[in-house]
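Trainee: I would like to go through this structure and ask how each label is earned.
Mentor: Go ahead, and we will set each value against its cut-off.
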Amino acid sequence: EKVAEKLLSNEKWKQRSFEAIKKRLRGFEDDELRKILVRAGAVSFEDSSGKELWGLIDKNASVL
C-alpha cells in the first residue's frame, strides 16, 4: 500500500492508467491490486476512451 501511494504521489501525474500501475506492482491479480489502491487512498476514473485510471483522492478532489 505504501508503494502504491508513493507511485501515485509522483508530481508528474494526477492519475495513472491501471496498466501502468500493474507494470510497476507485479504479482497481484487485478482485483487484489484495485483493493490495494483503495487502501492506499486512491480512487478510480475512466477516460473518454474507457481506459481505467487511478489517482490519489487528495490529488483529484477537484474532479470528484
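Mentor: This is a predicted model. A search of the whole structure finds 4 salt bridges, and one of them joins Glu-1 to Arg-39.

Trainee: Why is the pair of Glu-1 and Arg-39 called a salt bridge?
Mentor: The closest N and O atoms of Glu-1 and Arg-39 are 2.6 Å apart. A salt bridge needs a side-chain nitrogen of Lys or Arg within 4 Å of a carboxyl oxygen of Asp or Glu, so the pair qualifies.

Trainee: What makes Glu-1 and Arg-39 a link between distant parts of the chain?
Mentor: Glu-1 is in the segment before helix H1 (2–8), while Arg-39 belongs to helix H3 (residues 30–39). The two are 38 residues apart.

Trainee: Is Glu-1 buried, exposed or partly exposed?
Mentor: Its relative accessible area is 45%. Buried means under 20% and exposed means over 50%, so Glu-1 is partly exposed.

Trainee: How do you know that Asp-30 and Lys-22 form a salt bridge?
Mentor: The closest N and O atoms of that pair are 3.0 Å apart, and the limit is 4 Å. Asp-30, at 30%, is partly exposed, and Lys-22, at 26%, is also in the partly exposed class.

Trainee: Which salt bridge does Arg-34 form with a residue of H3?
Mentor: Arg-34 pairs with Asp-31, with the closest N and O atoms 2.9 Å apart. The two are 3 residues apart in helix H3, so about one helical turn separates them.

Trainee: How exposed are Arg-34 and Asp-31?
Mentor: Arg-34 has 23% relative accessibility, so it counts as partly exposed. Asp-31 has 52%, which is over the 50% cut-off, so it is exposed.

Trainee: Which residues are linked in a network of salt bridges?
Mentor: Asp-31, Arg-34 and Glu-52 are linked in that way.

Trainee: Now the strands. How do you know that E2 and E3 pair?
Mentor: Strand E2 (residues 42–46) and strand E3 (residues 52–56) are joined by 5 bridges. Pairing requires at least two bridges, so E2 and E3 pair. They run antiparallel, and one bridge partnership is Ser-44 with Trp-54 of E3.

Trainee: What lies between E2 and E3?
Mentor: Their hairpin has 5 residues between the strands, and Gly-50 there takes a positive phi near 90°.

Trainee: What makes E1 a partner of E3?
Mentor: The two are joined by 2 bridges, and at least two are required, so the pair just meets the rule. Ser-17 has Leu-53 as its bridge partner in E3.

Trainee: Why are E1 and E2 called edge strands?
Mentor: The 3 strands form an open sheet in the order E1-E3-E2, with antiparallel pairing. Strand E1 (16–17) and E2 each pair on one side only. H3 packs on this sheet, touching E2 and E3, and its direction makes about 25° with that of E3.

Trainee: Why is E3 called largely enclosed?
Mentor: Because 4 of its 5 residues are buried, E3 is largely enclosed by the rest of the structure. Leu-56 lies in E3, and its 9% relative accessibility is under 20%, so Leu-56 is buried.

Trainee: What does Leu-56 touch beyond four places in sequence?
Mentor: Its contacts there include Glu-5, Leu-8, Lys-14 and Ala-40.

Trainee: Which residues touch the most other members of the largest nonpolar core?
Mentor: That core has 13 residues, and Ala-4, Leu-8, Ile-21, Leu-33, Leu-37 and Trp-54 touch the most other members. The elements giving two or more residues to the core are H1, helix H2 (18–24), H3 and E3. Leu-33 also touches residues more than four places away, among them Phe-18, Ile-21 and Phe-28.

Trainee: Last one: why is Asn-60 called buried?
Mentor: Asn-60 lies in the segment after E3. Its relative accessibility is 0%, and buried means under 20%, so the label holds.

Trainee: What makes the pair of Asn-60 and Gln-15 a polar contact?
Mentor: Their side chains come to 3.0 Å, and the limit for the N or O atoms is 3.5 Å. Leaving aside neighbours within four places in sequence, Asn-60 is in contact with Lys-14, Gln-15, Phe-45 and Gly-55.

Definitions and conventions. Residues numbered from 1 in each chain as written. Predicted model: local features only at pLDDT ≥ 70, side-chain atom pairs only at ≥ 80, totals over all residues. Heavy atoms only, no water. Buried < 20%, exposed > 50% of the residue type's maximum accessible area, 1.4 Å probe, protein only. Polar contact = N/O pair within 3.5 Å; in protein donor to acceptor, adjacent residues only side chain to side chain. Contact = heavy atoms within 4.5 Å. Core = buried A, V, L, I, M, F, W, Y, C linked by side-chain atoms within 4.5 Å. Axes fitted to C-alpha atoms, helices over the stretch in contact; angles between N-to-C directions.
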